[in-house]
Amino acid sequence: MDSESLLQHLSDELDAFRACLDGDLSVPVEHCGEWTLRDLAEHLGSSNLWAAAAVTEQHGKHEATSAPRDPEEFLRWFEESSATLLKVLRTDPNTRAWTFHPPHTVGFWQRRRALEALVHRWDAENALGICRSLDPILAGEGVAEVFDAMAPRQIARGRAQHPQSALRLHAADTGASWVYGPGTAVATLTATAERIVLLLWGRMSSSDAAFHWTGDREAGLRILAGPLTP
């Protein structure tokens, strides 16, 4: 996806997340351990500021101060974190930046933050019982990011092993396909791009009826077990 599209998605997803914060922030968030909606908002806001500092300060050691406890101040703090990130990222995507994985450019953060906001917007809405779909093209970008950035980082950090065989994933709605692992794919998993990215980020189970398997399903499941994402 191009820089302009990613920035628009980032803005839209942060706005949609913010819209979830007008009610009870003590609601638990499934798939995020013991976090509440407030915890998730603090994580997203703090990581917005961390990513902005990766561009402006050229390092990954930025430590954000704790978010305000006062509810109104907390909401303003979240809004300001989003505005800060968007301001910093509205520049040439080829501009150099510190990143935790290549490419070491602003473009990396434009994609990463759009996808971070996408998944956590889903988390927030899911916690509130809201069912709203993910943009299929952005979801497909999220699938690609897992295989070109997240899974390699998991391996580099000793959290996962190199796959011994290949799995093909096919997005039935967009027609996009991705192959992860060496050689010819031993299995194919087909679903919408939204469901595939949610599966890869641990928000759906591979046993869900939404996923259609062909080939060696057990081998495919071993590849997905990774873990491919943090």
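**Helix α1**

I began with the length of helix α1, residues 3-18, in this predicted model. At 1.5 Å a residue, its 16 residues should span 22 Å. I found the end C-alpha atoms 22 Å apart, which agrees with that expectation.

I then looked at the start of α1. There, a side-chain oxygen of Asp-2 comes to within 3.1 Å of the backbone nitrogen of Glu-4.

Next I listed the buried residues of α1. They include the leucines Leu-6, Leu-7, Leu-10 and Leu-14, together with Phe-17 and Ala-16. Polar and charged residues also appear in the list, among them Ser-3, His-9, Ser-11, Glu-13 and Arg-18. I asked which helices the buried residues of α1 pack against. The partners are α2 (37-56), α3 (71-89), α4 (106-127) and α5 (136-156).

**Salt bridges**

I counted the salt bridges in the model and obtained twelve. I examined three pairs and one network.

*Glu-42 and Arg-38.* The side chains of these residues form a salt bridge, with N to O at 3.0 Å. Both residues lie in helix α2; because they are four residues apart, about one helical turn separates them. I checked whether the partners are buried or exposed. Glu-42 has 18% relative accessibility and so counts as buried, the cut-off being under 20%. Arg-38 is likewise buried, at 10%.

*Arg-111 and Asp-148.* I noted a salt bridge between these side chains at 2.6 Å, N to O. This pair links distant parts of the chain: Arg-111 belongs to helix α4 and Asp-148 to helix α5, 37 residues apart. Arg-111 is buried, with a relative accessible area of 15%, whereas Asp-148 is partly exposed at 38%.

*Arg-203 and Asp-123.* The closest N and O atoms of this salt bridge are 2.6 Å apart. I asked where the two residues sit in the chain. Arg-203 is in the loop between α6 (193-200) and β4 (212-215), while Asp-123 is in helix α4; the pair links distant parts of the chain, 80 residues apart. Arg-203 is buried, with a relative accessible area of 12%. Asp-123 is also buried, with a value of 1%.

*Network.* Finally, I looked up which residues are linked in a network of salt bridges. The members are Glu-13, Arg-121, Glu-125 and Arg-132. I recorded that Glu-13 is also one of the buried residues of α1, so this entry returns to the helix with which I began.

Terms used
Residues numbered from 1 in each chain as written. Predicted model: local features only at pLDDT ≥ 70, side-chain atom pairs only at ≥ 80, totals over all residues. Heavy atoms only, no water. Expected span 1.5 Å × (residues − 1). Buried < 20%, exposed > 50% of the residue type's maximum accessible area, 1.4 Å probe, protein only. Contact = heavy atoms within 4.5 Å. Polar contact = N/O pair within 3.5 Å; in protein donor to acceptor, adjacent residues only side chain to side chain. Salt bridge = Lys/Arg side-chain N within 4 Å of Asp/Glu carboxyl O.
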